[in-house]
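This text leads through one structure, beginning with a helix and ending with pairs of charged side chains. Please look at the sequence and the model before reading on.

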Amino acid sequence: MRDELLFKIGQSVRYIRMKKGISQEELAFRANLNMNSISTLERGLNNVKIKTLYAIAEALEVNIEDILNCKF
């Protein structure tokens, strides 16, 4: 069963990433993560650590609040 909050956060990351024209691979590189981590996050499959979400926000050049607001 899918966790709706994790799914929404993942979709928010995906939306921002795509809006900025960044691939999953590039985002992973910028955030110092592996591509599988980005993929599973965007699909809402794993709980995300705050430190990881912060690294992603920095890599996307947005505030962490922009991701958590889930406005897409």
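Two parts of the chain are in contact when heavy atoms of each lie within 4.5 Å. The model discussed here is predicted, and helix α1 is a convenient place to enter it.

Helix α1 runs through residues 4-19, 16 residues in total. At 1.5 Å a residue, a helix of this length should span 22 Å, and the end C-alpha atoms are indeed 22 Å apart, so the expectation and the model agree. At the start of α1, the backbone nitrogen of L5 has a side-chain oxygen of D3 within 3.0 Å. After the helix comes G21, which has a positive phi, near 70°.

Which residues of α1 are buried? They are L6, I9, G10, S12, V13, I16 and R17. Around the axis they cover an arc of only 155°, which means that they lie on the same side of α1. The cover over these buried residues includes four other helices: α2 (24-31), α3 (35-42), α4 (50-60) and α5 (64-68).

One of the buried residues deserves a separate look. S12 lies in helix α1, and its relative accessible area is 2%. Because buried means under 20% relative accessible area, S12 counts as buried. A polar atom of the S12 side chain lies 2.9 Å from the backbone oxygen of I67.

Charged side chains come next. Side chains of opposite charge can pair when their charged atoms come close. How many salt bridges does the structure hold? It holds 2.

One of them joins E42 and R17, with the closest N and O atoms 2.6 Å apart. This pair links distant parts of the chain, since E42 belongs to helix α3 and R17 to helix α1, and the two are 25 residues apart. Are these partners buried or exposed? E42 is buried, at a relative accessible area of 3%, and R17 also counts as buried, at 8%.

The other salt bridge is between the side chains of E26 and R30, at 2.9 Å from N to O. Here both residues sit in helix α2, 4 residues apart, which is about one turn of the helix. E26 is partly exposed, with a relative accessible area of 31%. R30 is partly exposed as well, with a value of 41%.

Taken together, the E42 and R17 pair links helices α3 and α1, whereas E26 and R30 both lie within α2.

Conventions: Residues numbered from 1 in each chain as written. Predicted model: local features only at pLDDT ≥ 70, side-chain atom pairs only at ≥ 80, totals over all residues. Heavy atoms only, no water. Expected span 1.5 Å × (residues − 1). Buried < 20%, exposed > 50% of the residue type's maximum accessible area, 1.4 Å probe, protein only. Arc of directions from axis to C-beta. Polar contact = N/O pair within 3.5 Å; in protein donor to acceptor, adjacent residues only side chain to side chain. Salt bridge = Lys/Arg side-chain N within 4 Å of Asp/Glu carboxyl O.
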